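User: Could you take a close look at the sheet in this model and walk me through how it's put together and what sits against it?

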Amino acid sequence: QIARNIQMSMVPSQFPDYEGLDMFASMTPAKEVGGDLYGYVLIGDKLYIAIGDVSGKGVPASLFMAQATRLFRTLAAQQMMPAEICNHMNDALSGDDNESGMFVTFWLGLVDLKTGHLSFCNAGHNPPIIGGGEHHAEFLEMVPNMPIGLWPEVEYEGEEIDTIKGRPLFIYTDGLNEAENRQQVQFGDDRLLEILCTSHFDTAQQVIEILSAAVEQHRNGAEPNDDLTMMCVRI
């Protein structure tokens, strides 16, 4: 319980009070402690957002999660671009210092809250879902890149979107789409996309709450098989 409290204190429970920004996130470890993480850093009109999923579960994953979380905050405070942050995180978390071979899939974005411009870098993570457009919601097509921590000297490639104003961004770990019921049937990408396409959401928090309830209903009493972390950003 002490370890869980320490870990939960590493992820934000309060979100920025910035005009025009609606943001919410939640993390639910499958065990006492877990390997998921999320975070944000707000510097003026620039919002860094990140979500990650460390390989494995329990105490080893939580320690690696703590390292990744602190590195993200430190590097974002230096106002680096997302791909540059991933490069530095990978250099710090891979190689001889990582004898256990742990890694973290990671998605990192930098939003200009005035223009809605999004710069991002994906490090082997699940594709976020972006709202708007003719389909109302769709998976973001991205360069996959490698997870962070596997090999040193990997060069991460960043990408950008002109604006996400009016296009909600939903980021998550695979504890959502891979959540299993008693028959080991997964929640699935199709069900996730259908809920986001067909439901009406007034707030980012409502997005998280509706999907949390849908996952619980799908599990139907089955124990969680993975940590579950979700973040929604609307501007």
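Analyst: Let's start with a bit of vocabulary: two parts are in contact here when they have heavy atoms within 4.5 Å of each other. Angles are taken between N-to-C directions and run from 0 to 180 degrees, with each axis being a line fitted to C-alpha atoms, for helices over the stretch in contact. Keep in mind that this is a predicted model.

With that in hand, look at helix α3, residues 82-93: it lies across β3, β4 and β5, and runs at about 150 degrees to β4. Helix α2 (residues 58-77) lies across β2, β3 (46-54) and β4 (104-112), and its angle to β2 is about 15 degrees.

Now for the sheet itself. Strands of a sheet pair through backbone hydrogen bonds, and that can happen in a parallel or an antiparallel way. Here we've got an open sheet of five strands, and the pairing is antiparallel. Reading across, the order goes β2-β3-β4-β5-β8. At the edges you'll find β2 (36-43) and β8 (159-161), each of which pairs on one side only. Ignoring direction, neighbouring strands are turned against each other by 15 degrees on average.

Let's zoom in on the β8 edge. Strand β5, residues 118-123, pairs with β8 in the antiparallel sense, and three bridges hold that pairing. If you want one to find on screen, go to F120: its bridge partner in β8 is E159.

F120 is worth a second look, this time for its ring. The aromatic pairs come to five by the rule used here. In one of them, the ring centres of W107 and F120 are 5.6 Å apart and the planes meet at 20 degrees, so the pair counts as stacked; the cut-off for that label is under 30 degrees. Since W107 lies in strand β4 and F120 in strand β5, the pair ties together parts that are 13 residues apart in sequence.

Finally, head back to the stretch covered by helix α2, residues 58-77, and look for empty space. Rolling a probe the size of a water molecule over the atoms shows where such space is left. Searching the whole structure turns up one cavity of 30 Å³ or more, and the volume of the largest cavity is about 30 Å³. Its lining is made of M10, A66, T69, R70 and R73. Sorted by class, that lining has two nonpolar residues, one polar and two charged.

Terms used
Residues are numbered from 1 along each chain as its sequence is written. This is a predicted model: local features need pLDDT of at least 70, side-chain atom pairs count only at pLDDT 80 or more; totals for chains, interfaces and linings use all residues. Side-chain values use heavy atoms; hydrogens and water are left out. Two strands pair if DSSP finds at least two bridges between them. Helices (H or I, at least four residues) and strands (E, at least two) are DSSP runs, numbered from the N terminus. Rings of Phe, Tyr and Trp (its six-membered ring) pair if their centres lie within 6.5 Å; planes under 30 degrees apart count as stacked, over 60 as edge-to-face and the rest as tilted. On a 1 Å grid over the protein atoms alone, a cavity is a set of points where a 1.4 Å probe fits but cannot get out, and a pocket is an open set with protein on both sides within 12 Å along at least five of seven lines; lining residues have an atom within 4 Å of a point. Grid points are joined across faces, edges and corners, and a volume is the space filled by probe spheres set on the points. Ala, Val, Leu, Ile, Met, Phe, Trp, Tyr, Cys and Pro count as nonpolar, Asp, Glu, Lys and Arg as charged, and the others, Gly among them, as polar.
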